Amino acid sequence: MTNTWQDIKNANVVIVMGGNAAEAHPCGFKWVIEAKIENGAKLVVVDPRFTRTASVADYYAPIRPGTDIAFLSGVIRYLLENDKIQHEYVRSYTNASLIVKDGFGFEDGLFTGYNEETRSYDKTTWDYDIGEDGFARIDDTWQDPRCVINLLKKHVSRYTPEMVSRITGTPQDKFLHVCELIASTSAPDKAMTSLFALGWTQHSVGAQNIRNMAMVQLLLGNIGVAGGGMNALRGHSNIQGLTDVGLLSNQMPGYMNLPSDKETNFDVYMSTRGFKPLRPNQISYYQNTRKLFVSFMKALYGDAATQENNWAFDWLPKLDIPLYDIIKAFEMMNAGQMTGYICQGFNPLQAFPDRGKIRRGLSKLKFLVTMDPLDTETSRFWQDFGPQNPADSAKIQTEVFQLPVTCFAEENGSLVNSARWLQWHWKAAEGPGIARSDIWIMSGIFHRLRELYRKEGGAFPDPLLNVTWKYTDPLSPDPEELAKEMNGRALADLTDATTGAVTTAGTLLDGVAQLRDDGTSAAGCWSFAGCFTEKRNQMARRDATDPREQGIAPNWAWAWPANRRILYNRASADPAGKPWNPAKPIIAWNGTRWAGIDVPDYTPTLDPAKGASPFIMNDEGLGRLFARKLMAEGPFPEHYEPMESPVENVLHPKVKNNPAARVFADDRANFGNPKNFPYVATTYRLTEHFHFWTKHALINAILQPEEFVEVGEVLAKEKGIEQGGWVKVSSKRGEVVCKAYVTKRIKPLMVDGKHTHVIGVPLHWGFTGQARKGYGANTLTPSVGDANTQTPEFKAFLVNIEKTSAPVPA
Amino acid sequence: MSDLQSQDYVRRSASTMTPPKARSYEDQVAKLIDVSRCIGCKACQSACMEWNNLRQEVGHFEGSYQNPNDLSPDVWTLMRFAEYENEHGNLEWLIRKDGCMHCEDPGCLKACPSPGAIVQYANGIVDFISDKCIGCGYCVKGCPFDIPRISKTDHKSYKCTLCSDRVSVGLEPACVKACPTGAIMFGAKSDMKDWAQERIVDLKSRGFENAGLYDPQAVGGTHVMYVLHHADKPSLYSGLPDKPQISPVVEAWKGIIKPLAVAGVVLAALSGFFHWITAGPNEVTEEDEAEGERVLDEAEKTP
Amino acid sequence: MALTRREFIKFTGLGLAASSLGMLGFGESGVAQAAAVRPFKLAHATETRNTCTYCSVACGILIYSMGDRAKNALSNIIHIEGDPDHPVNRGTLCPKGSALLDIVHAPTRLKAPRYRKPGGTEFEEVSWDFALDRIARLMKDDRDKNFIAKNADGTTVNRWISTGMLAASASSSETSFLTWKVMRSLGAVVFDNQARV
């Protein structure tokens with residue numbers, strides 16, 4: 001989230017699209033209700049189903065799963081055609097005026113530079129026209145046809161209301177009414193907030209869905225302001241933290257990337273990370289990358305990381321492919337290329353696409369370790385549970401370790417919430433039996449491995465032998481020690497260049513500004529610097545004071561970066577530093593500095609007259625309507641049909657799906673066609689459950705006891721399906737036998753002149769826990785991901801449905 | 001286990017008691033359920049089960065999000081879901097938290113034959129006192145909202161206590177505290193009515209012309225009230241009674257029959273009564289009818 | 001009052017019987033009143049501040065446990081409700097958060113390490129030492145066999161792709177940082193978390 005949960009109350013329009021905030025985040029959703037009651041806000045919901053969020057909406061529009069880009073590109077067209085953009089914001093704070101290189105173009109569904117063989121782009125032309133001064137060329141008058149704004153106008157011109165409706169199935173009048181509501185926030189003192197979640201990410205075009213709305217928000221001037229922003233409502237309690245700390249295939253803490261094979265040494269690695277400003281006077285924060293990187297390596301390897309060995313750069317693993325993500329991992333497992341797999345608090349058998357493939361993959365492992373408080377399906381994949389998990393135990397040679405782990409109530413530590421707050425929590429009781437913490441278990445494995453390498457030698461043990469491990473109890477490090485390690489310390493006396501203040505060697509850092517690139521500072525996660533200072537554990541702060549009750553609460557816990565609550569808050573004020581919305585200012589220029597209720601997302605004493613733009617993390621300082629080379633499938637979002645889709649791509653029949661999506665051959669062979677699987681299915685969670693955990697909690701099992709799918713009344717009638725009756729839902733990959741909920745809440749959509757039916761598949765069931773035994777939605781889902789992130793396409797695929805009889809109890 | 005001081009009772013089933021005059025200054029409480037803010041998340045159900053240590057056995061999916069599918073001795077509150085297509089052809093998902101309304105004039109208490117099994121405190125909460133409950137089920141008949149449920153295992157009647165244990169120490173009920181969207185509010189009844197009026201103004205501004213407060217006067221008003229977008233048609237909300245009223249026979253029992261009974265003393269009736277408890281009410285026979293007419297006639301002659 | 005004869009008759013027995021009970025001495029005032037309000041169950045419970053383990057709203061919660069943390073009392077969690085001071089949830093909890101007690105005490109909570117042999121049909125309980133020794137041995141054997149120190153071009157790549165890990169997105173940042181250190185110092189790149197699902 002760019003903003004805070006409470007800040008939602010400042011919105012004039014709340015749009016929930018690509019998510020279902022009321023059901024997935026009820027307590028955060030209270031701030032939507034607050035916006036309605038206290039701020040007269042309108043709630044707009046765009047969703048294939050009439051959800052519980054829709055039940056309290058002012059306006060609801062249905063949409064076919066997987067067509068959000070067509071809808072949102074239509075919105076952009078509407079805003080540009082009707083001149084409903086915030087002109088001063090767009091001109092000053094976005095790259096609308098920058099000029100794009102000659103040679104960039106888009107034709108028949110493809111941007112320039114496509115290579116069909118590798119299914120990827122040569123992105124050379126996807127960039128600004130750089131002048132001789134090294135800066136991107138600009139035309140403030142927007143006369144140049146190669147200005148970003150003119151290219152955008154041209155790109156979205158195809159998304160007329162008729163075309164939008166033809167693709168999405170959203171009736172034109174409803175689409176236009178949503179456009180009108182959105183457009184109302186182009187006034188400088190009005191804001192719309194976008195609340196989204198996995199409804200946008202879980203598509204083969206997931207990242208572009210989100211980009212598309214971010215572009216809408218930039219055009220409306222809604223980024224950085226109170227009640228605005230792009231607010232990703234994240235799932236797990238610390239999914240934000242795990243992403244921040246870089247527990248992803250290609251990541252290091254603080255969003256630094258692991259090197260690739262091509263980055264053969266530290267200098268090559270740094271050569272693409274200079275981030276020289278692309279416009280005059282810009283901050284381009286990532287010019288500090290060397291400081292962040294060196295400080296991290298010092299935290300990781302201590303004295304063993306030296307200038308001479310390039311801070312132990314070679315000890316980092318280098319990647320030969322962009323990602324070893326989950327889909328790739330199970331592809332490798334199925335090909336017999338993997339030996340072991342450790343699942344810490346993770347249940348891939350239920351959570352990953354195409355359960356059959358997951359089960360076959362796990363069966364080929366030599367060993368599987370699960371670390372979990374609960375008896376997960378994954379830890380029992382080898383056991384026969386009938387149709388929900390058919391397994392021939394004797395034939396499965398995998399050794400399985402099921403390790404019992406303590407839960408949240410039984411440990412201290414911090415979690416990062418959706419709004420980037422690091423909040424400390426305290427242990428209330430011991431875990432059951434001899435369950436142990438993840439920290440204890442990982443330390444135990446680490447020590448045993450290190451001892452084995454010391455004794456026996458083996459493959460390149462240096463990183464393992466040298467990684468810092470200076471904890472009071474090396475077998476069970478204290479969470480506070482780890483938090484301090486992430487915060488960082490001075491390794492020598494550090495003198496501040498402007499103030500002359502000295503941070504003595506060994507003390508905890510106050511913030512990221514103290515990091516050095518000469519090895520005199522260490523920080524395990526630079527973006528957390530300041531979370532645990534010599535003053536105190538800032539994450540444990542509990543002062544809920546909220547100036548003007550504007551939803552900032554600056555002294556509650558601690559937010560990264562630098563305790564900033566609203567990202568890009570410089571953009572809440574006009575170029576001269578005067579708030580766009582005088583009723584809800586965040587920061588303002590007072591003549592000598594930026595002051596207000598939040599920590600400025602900007603140099604606090606930088607005079608606005610100097611012309612530095614608000615988006616300080618970008619080289620040009622501007623919000624990007626044109627993404628340059630950062631996306632896999634194009635600098636502008638384009639509508640591509642889901643990998644399994646009932647219709648052709650009416651915009652460009654030859655390029656139906658995302659041309660840059662990675663598809664493995666066996667997965668492609670497992671895609672179904674609309675002849676056999678004529679209905680669009682979409683998976684989602686229900687408010688009564690959390691993934692596959694709460695079926696273990698009796699109360700939640702009582703509240704939503706049994707697997708079902710949601711079917712519209714029209715389709716149910718066509719197929720003879722009765723309310724609460726049994727159905728068989730099948731995809732090319734598997735079938736689920738469960739009950740049907742026949743509902744008015746899903747209506748057939750008119751897509752390209754044909755009725756299209758949508759079937760809703762809630763995901764929570766499995767074969768362990770308190771709820772009734774079920775298959776789980778991922779029995780049906782396809783194994784293919786977003787081209788940038790490899791997030792699986794759970795939200796749009798094809799199925800068939802038939803009435804069936806109740807299964808005979810075994 | 002302690003009792004509230006008896007002065008805090010204003011009504012007590014099957015007892016002749018005069019409402020206390022001391023401590024008459026206690027505020028009446030109320031829970032306000034604003035249906036227009038409710039997202040049907042069932043946090044109220046969950047919190048109710050957790051706080052009150054209730055766990056019904058795991059049921060089945062029965063064609064609705066409504067789970068469990070009805071109130072029970074272990075289910076004191078329940079979200080009821082109704083899909084409604086309005087006159088403009090637009091869908092509305094009307095979700096209502098069902099449970100005891102804590103009537104100012106409680107039909108259950110009036111009907112209850114067991115002294116002290118149902119009480120009403122000065123703050124308005126109507127509470128069932130389990131150890132005095134004889135499981136006869138008259139409260140079920142007496143309730144205009146079909147709320148109390150008799151346990152098959154201990155033959156006692158159960159319903160929402162409005163978390164009288166929490167309220168008595170100055171806390172709000174568990175469902176109120178949990179409700180993520182503030183659809184359930186709790187406070188002095190007068191404040192709740194004022195707040196409801198604000199909500200109604202907002203709803204009218206959003207096109208719900210018939211928005212209104214549900215605080216039915218036929219039962220003296222209730223200590224659980226609803227803000228409805230369609231207050232003209234309460235029954236749209238999974239059968240919320242349009243015009244709730246205590247069954248006339250229960251009223252009769254208070255008004256006519258009780259003096260008769262005190263005067264008449266028919267021990268034989270006791271056996272009939274206990275039969276009714278165990279086997280449920282019989283169909284009225286011809287003899288009953290004749291007897292009834294005789295009693296009624298006599299009653300009419302009584303000055 | 002609309003009272004039909006039939007309704008009246010149905011309830012005649014009721015009235016008579018109940019009044020009779022009163023006459024028989026069951027309900028006159030002065031009889032000791034037994035229990036009314038249930039005793040407040042948290043009066044002396046220990047309160048611990050924590051964060052809900054489910055979604056990323058990260059609601060503040062109050063965990064109540066039996067016992068006052070005296071040496072001889074083993075804390076047992078008896079109730080969990082919202083933290084009214086928390087700026088986001090302000091005391092509220094959703095249906096999952098309101099039922100956290102049932103996940104803490106789920107009958108399927110694991111209590112001891114278990115091991116399943118190749119081809120086995122059941123789990124057997126094992127000691128921590130057995131489990132961790134064996135896991136370390138299996139990891140080392142695989143790493144020694146499959147570790148890629150240099151790629152075909154001779155570049156040092158130091159990666160291990162034959163054993164992978166999924167990290168827990170409900171574990172603390174401190175846990176995740178330690179996990180990162182352990183897995184990356186082994187060279188692991190088949191590494192992911194719930195960010196995608």
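Which residues in helix 3 of chain A meet Pro161(A), Val164(A), Ile167(A) and Thr168(A) in helix 6 of chain A? The tour opens with that contact; the model on display is a predicted one.

**First stop: helices 3 and 6 of chain A**

Select residues 68-81 of chain A, which form helix 3, and then residues 161-168 of chain A, which form helix 6. The residues of helix 3 to highlight are Ala70(A), Phe71(A) and Gly74(A), for these meet the four residues of helix 6 named above. By class, this contact has 5 nonpolar and 2 polar residues, and no charged ones. Next, view the pair from the side: the axes of helix 3 and helix 6 of chain A lie 9 Å apart, at an angle of about 165°. That angle makes helix 3 of chain A roughly antiparallel to helix 6 of chain A, since an angle over 145 degrees counts as such. The crossing of helix 3 of chain A with helix 6 of chain A is left-handed.

**Second stop: from helix 6 to helix 7 of chain A**

Keep helix 6 of chain A selected and add residues 172-183 of chain A, which are helix 7. The axes of these two helices come within 9 Å and cross at roughly 115°. Here the crossing is right-handed. On the side of helix 6 of chain A, the contact is made by Pro161(A), Glu162(A), Val164(A) and Ser165(A). Helix 7 of chain A contributes Gln172(A), Phe175(A) and Leu176(A). Coloured by class, the residues of this contact divide into 4 nonpolar, 2 polar and 1 charged. Pro161(A) and Val164(A) appear both in the contact with helix 3 of chain A and in the contact with helix 7 of chain A.

**Third stop: a sheet built from chains A and C**

Now display the strands of chains A and C. Seven strands form an open sheet of mixed pairing, in the order 5(C)-4(C)-14(A)-13(A)-12(A)-8(C)-9(C). Strand 5 (124-125) and strand 9 (191-192) of chain C stand at the edges; each has a single partner strand, so one side of each is left without a neighbour in the sheet.

Within chain A, select strand 12 (residues 340-344) and strand 13 (residues 367-372), which run parallel and are joined by 5 bridges. Gly340(A) stands opposite Phe367(A) in strand 13 of chain A. To see the sheet pass between chains, select strand 14 (residues 399-404) of chain A and strand 4 (residues 114-116) of chain C, an antiparallel pair joined by 3 bridges. Phe401(A) is found opposite Tyr115(C) in strand 4 of chain C.

**Fourth stop: the contact between chains A and C**

Widen the selection to the whole contact, which takes 136 residues from chain A and 102 residues from chain C. On the side of chain C, the largest share, 13 residues, comes from helix 3 (residues 128-146) of chain C. That side of chain C has 49 nonpolar, 33 polar and 20 charged residues.

**Fifth stop: Thr791(A)**

Centre the view on Thr791(A), placed in the loop between strand 30 (758-762) and strand 31 (797-803) of chain A. Is Thr791(A) buried or exposed? Thr791(A) is buried, because 24 other C-beta atoms lie within 10 Å, and 20 or more suffice for that class. Beyond the residues up to four places away in sequence, Thr791(A) touches Thr201(A), Gln202(A), Gly206(A), Gly785(A), Asp786(A) and, in chain C, Arg196(C).

**Last stop: chain B**

Finally, select chain B, whose secondary structure comes to 9 helices and 11 strands. Of the 303 residues in chain B, 50% are buried.

Technical notes. Residues are numbered from 1 along each chain as its sequence is written. Chains are lettered from A and ligands numbered from 1 in the order in which they are written. This is a predicted model: local features need pLDDT of at least 70, side-chain atom pairs count only at pLDDT 80 or more; totals for chains, interfaces and linings use all residues. Axes are lines fitted to C-alpha atoms, for helices over the stretch in contact, and angles run from 0 to 180 degrees between N-to-C directions. A crossing is left-handed if the near helix is turned anticlockwise from the far one by less than a right angle, and right-handed if clockwise. Two residues are in contact if their C-beta atoms, placed from the backbone, lie within 7 Å. Ala, Val, Leu, Ile, Met, Phe, Trp, Tyr, Cys and Pro count as nonpolar, Asp, Glu, Lys and Arg as charged, and the others, Gly among them, as polar. Angles under 35 degrees count as roughly parallel, over 145 as roughly antiparallel, 65 to 115 as roughly perpendicular and the rest as oblique. Two strands pair if DSSP finds at least two bridges between them. A residue is buried if 20 or more other C-beta atoms lie within 10 Å of its own, exposed if 12 or fewer, and partly exposed in between; C-beta atoms are placed from the backbone.
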